[in-house]
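Grab a pencil and try these short exercises on reading a protein model. Have a go at each task before you peek at the solution.

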Amino acid sequence: MDRRNFLRTSALAASLALPAWSRAADSAAPQPFAPDPANGWRVFELTSRIEPVISSGPTRVWVPLPSIDDPQWMRPMGNLWQGNADTMRVVTEADYGAAMLQAEWGPGTANPLLEVVSRFATRDRTVDFTRPGPARELPAAERALYTRATALIPTDGIVRDTAESIVRGATGDEARARAIYDWIVDNTFRNPKTRGCGLGDIRAMLESRDLSGKCADLNALYVGLARAAGLPARDVYGVRVADSRFGYKSLGKSGDVSKAQHCRAEVWLERFGWVPVDPADVRKVVLEEPPGGLALDDPKVVAARRVLFGAWEMNWLGYNFAHDVRLPGSSGPQAPYLMYPQGESGETRFDSLDPATFRYSLTAREVALA
């Protein structure tokens, strides 16, 4: 392996010293499903290893990096990388600030390899709806960004009509946000045959009346309906990095997380700020939580439904909020979102949903605090 570029790092992570945060020790028995910031900070490392196939033209890859920095729940701690690419550099997408490591190999490079190690800290999120704060406005630029339509998330036509029917009679932004959440849980279902996390083409879902899919479909539907109802909302793209401490087999993944990508959503409420939601994971619990095929009134589903409007267990890395991503240096199509490694060789875009043919792996581990 060419080590000329071994362990280059951002200034933030010149030293990956562990923070002096503390967290409660996990108990052996599962706890009630109750994410809570009091559970403390956890530190993880995610290793992305890319071994692309070289063709006659130049080969490029783009690896998403942790880009969300929020002192309440997500703190990037830097990225290290090594490999034999001719160029390796961090680039940032303009609209959403999504960072990625871009690497390029010349034609005929033998055994191309890139390895990126990202370290980050997470803490559970929860909103106490019994304690609203003073009303506050989202800055105008952010409101414009998170209420506008994207290529796959329109806010007019059938999307607007559906949103208006859902929120009719709801008073206040919290009631409208909850009405949309409940509608998603009641009317959609997780389709295990959907490739990857889904595409998120919400107009097609509504027009076909096929309200099935996975997280990038169901949570995009939440975001689109919320925006059409006048609520700022956004998808949050990431990957699971640990098992659930609350005993939910379907809501966690550790070790090899190459296929553990997961999209969540947030909605802006004027007395609470950005509120975490995840109706797609409620439908995942229905389908996958042992023994499988649970009813909506099953206690596990009821608990997940109650919790996932307003809380997230942070055994998950949030990369970014980006839609319609133009990959720097590529003349190919935009990526609908940036949650998987992307790559191309010559004029051919790799299938990012198939790590076996694209040849990449993601591995997560928790770092013990000193």
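The exercises below work through a predicted model, one topic at a time.

**Exercise 1: cysteines**

Work out how many disulfides the structure holds, and check Cys 197 and Cys 263 against the cut-off.

*Solution.*
- Step 1: Start with the rule, which asks for two cysteine sulfur atoms within 2.5 Å.
- Step 2: For Cys 197, the nearest cysteine sulfur belongs to Cys 215 and is 3.5 Å away. A disulfide needs sulfurs within 2.5 Å, so Cys 197 is in no disulfide.
- Step 3: Now take Cys 263, whose nearest cysteine sulfur is again that of Cys 215, this time 5.4 Å away. That puts Cys 263 in no disulfide either.
- Step 4: The total for the structure is zero disulfides.

Next, are these two cysteines buried or exposed? Buried means under 20% relative accessible area. Cys 197 has 4%, so it counts as buried. Cys 263 has 0%, so it is buried too.

**Exercise 2: a glutamate and its surroundings**

Find where Glu 344 sits and which side chains its own side chain makes polar contacts with.

*Solution.*
- Step 1: Locate Glu 344 in strand 19, which covers residues 342–345.
- Step 2: Check its accessibility: at a relative accessible area of 5%, Glu 344 is buried.
- Step 3: Look for polar partners. The side chain of Glu 344 makes a polar contact with the side chain of Ser 330 at 2.9 Å, and another with the side chain of Arg 349 at 3.3 Å.
- Step 4: Widen the search to contacts beyond four places in sequence. Among them are Pro 58, Thr 59, Arg 60 and Trp 62, along with Gly 329 and Phe 350.

**Exercise 3: backbone oddities**

Say what stands out about the backbone at Arg 209, Arg 359 and the bond from Pro 290 to Pro 291.

*Solution.*
- Step 1: Recall what to expect: most residues other than glycine have a negative phi, and most peptide bonds are trans.
- Step 2: Arg 209 isn't a glycine, yet its phi is positive, about 60°. You'll find Arg 209 in the loop between helix 4 (202–208) and strand 10 (212–213), and it is exposed at 75% relative accessible area.
- Step 3: Arg 359 also has a positive phi, near 65°. Its place is the loop between helix 8 (355–358) and strand 21 (360–367). With 40% relative accessibility, Arg 359 counts as partly exposed.
- Step 4: The peptide bond from Pro 290 to Pro 291 is cis, with omega near 5°. Pro 291 lies in the loop between helix 6 (279–288) and helix 7 (299–307).

How values were computed:
Residues are numbered from 1 along each chain as its sequence is written. This is a predicted model: local features need pLDDT of at least 70, side-chain atom pairs count only at pLDDT 80 or more; totals for chains, interfaces and linings use all residues. Side-chain values use heavy atoms; hydrogens and water are left out. Buried means under 20% relative accessible area, exposed over 50%, partly exposed in between (1.4 Å probe, protein chains only). Helices (H or I, at least four residues) and strands (E, at least two) are DSSP runs, numbered from the N terminus. A polar contact is a pair of N or O atoms within 3.5 Å; within protein, one must be able to donate a hydrogen and the other to accept it, and residues adjacent in sequence count only if both atoms are side-chain atoms. Contact means heavy atoms within 4.5 Å.
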